[in-house]
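Please open the model in your viewer and keep the selection panel at hand. This tour goes from one selection to the next and says what can be found at each stop.

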Amino acid sequence: MEFTFPKDFLWGAATSSHQVEGNNTNNDWWQWEQRIPLEMRSGLACDEWNRFEEDFKLAQTLGLTAYRFSLEWSRIEPSPGQFDNSALDHYRDMVLSLRSKGIEPIVTLNHFTIPLWLAGQGGWLSDKSPEFFAQYVHKATEALGNDVHYWITLNEPAVYTYKSYIVGQWPPGEKSAIKAFKIAQNLAKAHVLAYGKIKEVYTQKGWKKPMVGIAQQVLIFEPSSDRSLWDRISAGLRDWMINHLFVQALTRRKTGTLDFIGLNYYMRQYVRNRGFLSANIFGEEHVLENPSVRKNSLGWEIFPQGLHALIKAFSKYKLPILISENGICTNDDAQRSEFIVEHLTAVALAIKEGVPVIGYLYWSLLDNYEWADGFAPRFGLIEVDYKTQGRKVRDSAKKFEGIIRSGRIRF
Ligand code: GAL
């Protein structure tokens, strides 16, 4: 059977500022990296700040029609209330470069990193943080809005809250449920204010109405054992808290502030709960040691059917859905080709069943800095040699290009 994707389907790839730009010395991640070994620090990353033109040309040759990237807040507002026009001009050049190549820019306003000055004031814990964010968003919208239609305010607010404030793996390394709750509240407020600001600027300027959303990481949470009520409860709670809670809060009737939902999908996770012996109602992740389970190089289970199931589950919000990230880190490029085909098949099925999926963005355009995991995981359609900053288009990218150019997939 063959499926033809809609004509205006967005075929793209995604990145984020700190992971690719290099030398983002003025944010909380850079500061955090000073305590870890040199090779685990972001450093020059992919030197994308200086090489975007070359990489956008490669994206164009691959037939991409969309590109998601993030603005680095700490470059645009290096100190409170001081905006750097040269940084805004730089991002404007990026947007115009994409447009000139027929590539739709999809701009993320916050992808995990925050300026050092804000981190010094408690980051997203500060009651002022939503307002600070809105001011920065206002400036960015005025500078870029004329040429940007799609905005993503926040990347994975639930993951950020979890990694930075519950398990403490990311800056500021906190482990506090109370703080996490406050963070989630402030992130939601920040989104709502930013949404309002973007809309206000577009209305004032008379620009065509933009589409504003968030990128939400979603996982398939499976009880480790179907027979265990506790496992089922914990898996269900994770599904609600990590996948849905944020989106639910932002799509309430009358006060809805999402024009589309971005889904970042990578894996299936098994959840185990030792019942009354466990202190944690959310249980723990249980890695299956089953040799028939396919995994990426970080050990995440590859489960394409999960993408279909999650798109269907999120269709209940009755909003357009963008697959804002989906990808694999692997040293076996044939595995990447297979991954892309299988996940696009899942998307195709969902569209065929009536869900309005508007695009698919592969993570990532090029190998990059994978946060606490450093540079070892290779997610890119384009290989990066970090010693020379050389680029090499992978065969999987060509496979993706073939699907893009034909606009069809067979399954
Ligand atoms: C996402 C995140 C990206 C990237 C990707 C691969 O959660 O938004 O920044 O790191 O995962 O792990």
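Contact here means heavy atoms within 4.5 Å. The model is a predicted one, which should be kept in mind at every stop.

**Two buried residues in a helix and a strand**

Select Asp 55 first, a residue of helix α3, which covers residues 48-61. Asp 55 has a relative accessible area of 0% and is therefore buried. If its neighbours within four places in sequence are left aside, the residues in contact with Asp 55 are Glu 48, Leu 365, Leu 366 and Arg 391.

Go next to Leu 109, which has its place in strand β4, residues 104-110. Its relative accessibility is 0%, so Leu 109 counts as buried. Once the neighbours within four places in sequence are set aside, Leu 109 is in contact with a set of residues that includes Leu 71, Phe 133, Tyr 136, Val 137 and Ala 140, and Trp 151, Ile 152, Thr 153 and Ile 198 also belong to that set. To see a separation across the model, draw a line from the C-alpha of Leu 109 to that of Ser 224: the two residues are 115 residues apart in sequence and 37 Å apart in space.

**The enclosed spaces**

Rolling a probe the size of a water molecule over the atoms shows where empty space is left. How many cavities of 30 Å³ or more does the structure hold? There are two of them.

The largest cavity contains about 50 Å³ of space. To display its lining, select Thr 15, Ser 16, Ser 17, Val 20, Glu 21, Glu 48, Tyr 67, Phe 69, Ser 70 and Met 94. Helix α1 (17-20) and strand β3 (66-70) each supply at least two residues of this lining, and β3 gives the most, with three residues. By character, the lining residues of the largest cavity are four nonpolar, four polar and two charged.

The second largest cavity has a volume of about 40 Å³, and its lining appears when Asn 110, Phe 112, Trp 124, Leu 154, Asn 155, Pro 157, Tyr 160 and Leu 187 are selected. At least two residues of this lining come from each of β5 (150-155) and α8 (157-165). The lining of the second largest cavity has six nonpolar and two polar residues, with no charged ones.

**Aromatic rings**

A search of the whole structure for aromatic pairs finds 32. Show Tyr 202 and Trp 207, whose ring centres are 5.2 Å apart and whose planes stand at 85°, so that the pair is edge-to-face. Tyr 202 counts as buried because its relative accessibility is 2%, and Trp 207 counts as buried at 19%, the limit being under 20%. For a pair with another geometry, select Phe 314 and Tyr 317: their centres are 5.5 Å apart and their planes are at 45°, so this pair is tilted. Both Phe 314 and Tyr 317 are buried.

Then select Phe 3, Phe 5, Phe 9, Trp 11, Tyr 360 and Phe 400 together, which ring pairs link into a cluster. Two arginines can be added to the view: Arg 75 lies over the face of Trp 49, at 3.8 Å from the ring centre, and Arg 268 lies over the face of Phe 303, at 3.7 Å from the ring centre.

**A strand residue and the pockets**

Phe 221 is found in strand β6, residues 211-223, and it counts as buried because its relative accessibility is 10%. Apart from neighbours within four places in sequence, Phe 221 is in contact with residues including Ala 235, Arg 238, Gln 269 and Val 271. The C-alpha atoms of Phe 221 and Val 271 are separated by 6.7 Å, although the two residues are 50 residues apart along the chain.

The largest pocket has a volume of about 900 Å³. Of the 39 residues that line this pocket, the closest to its centre are Lys 163, Gln 217, Met 267, Gln 269 and Trp 300. Strand β7 provides the largest share of the lining, five residues, and the lining as a whole divides into 21 nonpolar, eight polar and 10 charged residues.

End at the second largest pocket, with a volume of about 540 Å³. Of its 20 lining residues, Phe 181, Ala 184, Gln 185, Leu 245 and Phe 246 are the closest to its centre. The largest share of this lining, seven residues, comes from α9, and the lining comprises 15 nonpolar, four polar and one charged residue.

Notes: Residues numbered from 1 in each chain as written. Predicted model: local features only at pLDDT ≥ 70, side-chain atom pairs only at ≥ 80, totals over all residues. Heavy atoms only, no water. Helix = DSSP H or I, 4+ residues; strand = E, 2+ residues; numbered from the N terminus. Buried < 20%, exposed > 50% of the residue type's maximum accessible area, 1.4 Å probe, protein only. 1 Å grid on protein atoms, 1.4 Å probe; cavity = no way out; pocket = protein on both sides within 12 Å on 5 of 7 lines; lining within 4 Å. Points joined across faces, edges and corners; volume = space filled by probe spheres on them. Nonpolar A, V, L, I, M, F, W, Y, C, P; charged D, E, K, R; others polar. Phe/Tyr/Trp six-rings, centres within 6.5 Å; stacked < 30°, edge-to-face > 60°. Lys NZ or Arg CZ within 6 Å of the ring centre and 35° of its normal.
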